[in-house]
Amino acid sequence: MSNIENEHFPQLVPISFMKKVERSVPLSAQFIQDSIEYDEEFQKGGSIDPIGDNDKLVAPQLIHRYSNRVLFLPVKTCPVNCRYCFRKNEIHTKGFDDIFSENFSQTLHYLEEHPEIDEIIFTGGDPFSLNNNRLEFYLQAFSKLSNIKNIRFHTRYTTVLSKRFTTDLLNILVQYLNNFENLIIVTHTNHPDEFCSDVENLFIKIDSLGLKHLTQSVLLKGVNDNPEILISLFKKISSLRAIPYYLHHPDKVKGAMHFYLDLEIGRKIYSELRKSLSGWQLPQYIIDIPGGHGKVSAYNPETFRFSGSLISQNSSFVQYH
Ligand SMILES: *Cc1c(COP(=O)(O)O)cnc(C)c1O
Ligand code: SF4
């Protein structure tokens, strides 16, 4: 297939992790390129900016949608190219982006001008693609802002390339824990096959160092669209002293529609989880409403007249299909 050579979002998986991928169908589905990604007919309905984040870009590296917290995007490079990535049409993996830009002064300026912001969420790409010096530079800069109380990192390195968490890196994180109320790592993980003893040891270590550790997962057709898999994933995570935080309904991403499943199917799966998971092991099932409406609960049967409709931030009804 010539299409599959498309360079826009090439296959990218670390060799060490590839051994796990080769042995596992749900991992292959997540990381190995498939020609269906380029099938126009199949990908109908998918969009390039599925959640409308780009409308909220307030500085070149900053997305501000919810008043108290911002997404900070210092780098576009990732340890892997997940085939379902909601930024797959924006992330370019040809080399590292220039992160030493004058852009950062605009970011700092915005944060100073907005005292309501108390949390900075490093995302990207993956923030741990930055080298330690650069990470320290940013942590140092943010620690000087009195309004910033919490620092969060969204990452996939913890499971995909756990070796990135060297003693040096962990020392930096622990050192900066003193400058903030919380330093939080949010690991992106979708399937129990992503774990092995190295990953498990890292999870236990993160907890023992006093860092908060949450996880987020994406519900994906052909990967984890099954209550048994999710129950075993969330039990695994909680046995390693992390807390399952979010289960995302998949976004409608151009080039990733083969992972998409209907909200009704997701709700049926989620309703099974409660029976076998304690409250603290059960992540919130959420959906990002397209068009920049933001995150809402995808499952709330207690709501008056639960109908399958979703209510957006400004309380208007959004019919979601
Ligand atoms: C998801 C998201 C956040 C983080 O939201 P939490 O609910 O605190 O995890 C922040 N900003 C934007 C734009 C987001 O999409
Ligand atoms: S790790 Fe996150 S940002 Fe990187 S490709 Fe996967 S989903 Fe996208």
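Me: Before we look at ligand 1, what counts as sitting in a pocket?
Reply: Happy to start there. A molecule sits in a cavity or pocket if more than half of its atoms lie within 2 Å of its grid points. Please keep in mind that this is a predicted model. So the cut-off to remember is more than half of the atoms within 2 Å.

Me: Thanks! Where does ligand 1 sit?
Reply: The pocket to look at has a volume of about 930 Å³. With that space in view, ligand 1 sits in the largest pocket.

Me: Which elements give two or more residues to the shell around ligand 1?
Reply: The shell itself includes I63, R65 and Y66, as well as R69, L71, Y245 and Y246. β2 spans 62–66, β3 spans 69–72 and β8 spans 243–248. The elements with two or more shell residues are therefore β2, β3 and β8.

Me: And which element has the largest share of that shell?
Reply: Three residues of the shell around ligand 1 come from one element. That largest share belongs to β2.

Me: How far is the side chain of Y246 from an oxygen atom of ligand 1?
Reply: It helps to set the neighbouring contacts beside it. A polar side-chain atom of R69 lies 2.6 Å from an oxygen atom of ligand 1, and for Y245 the distance is 2.7 Å. For an N or O atom in the side chain of Y246, the distance to a ligand 1 oxygen is 2.5 Å.

Me: How much of ligand 1 does the protein bury?
Reply: Start with ligand 1 taken alone, which exposes 380 Å². Of that area, the protein buries 92%.

Me: How many charged residues are in the shell around ligand 1?
Reply: D53, R65, R69, R152 and K295 are among the residues surrounding ligand 1. By class, the shell has six nonpolar residues and no polar ones. The charged residues number five.

Me: What about ligand 2: where does it sit?
Reply: Nine residues surround ligand 2, and the closest are C78, V80, C82, C85 and R156. The shell divides into five nonpolar, three polar and one charged. As for its place, ligand 2 sits in the largest pocket.

Me: Which element gives the most to the lining of the largest pocket?
Reply: The lining has 47 residues, with F86, R87, T123, H154 and Q216 nearest the centre of the pocket. β2, β3, β5, β7, β8 and β9 each supply at least two lining residues. The element that gives the most, with four residues, is β2.

Technical notes. Residues numbered from 1 in each chain as written. Chains lettered and ligands numbered in written order. Predicted model: local features only at pLDDT ≥ 70, side-chain atom pairs only at ≥ 80, totals over all residues. Heavy atoms only, no water. Near = heavy atom within 4 Å. Polar contact = N/O pair within 3.5 Å; in protein donor to acceptor, adjacent residues only side chain to side chain. Areas by Shrake-Rupley, 256 points an atom, 1.4 Å probe, with all protein chains shown as cover. 1 Å grid on protein atoms, 1.4 Å probe; cavity = no way out; pocket = protein on both sides within 12 Å on 5 of 7 lines; lining within 4 Å. Nonpolar A, V, L, I, M, F, W, Y, C, P; charged D, E, K, R; others polar. Points joined across faces, edges and corners; volume = space filled by probe spheres on them.
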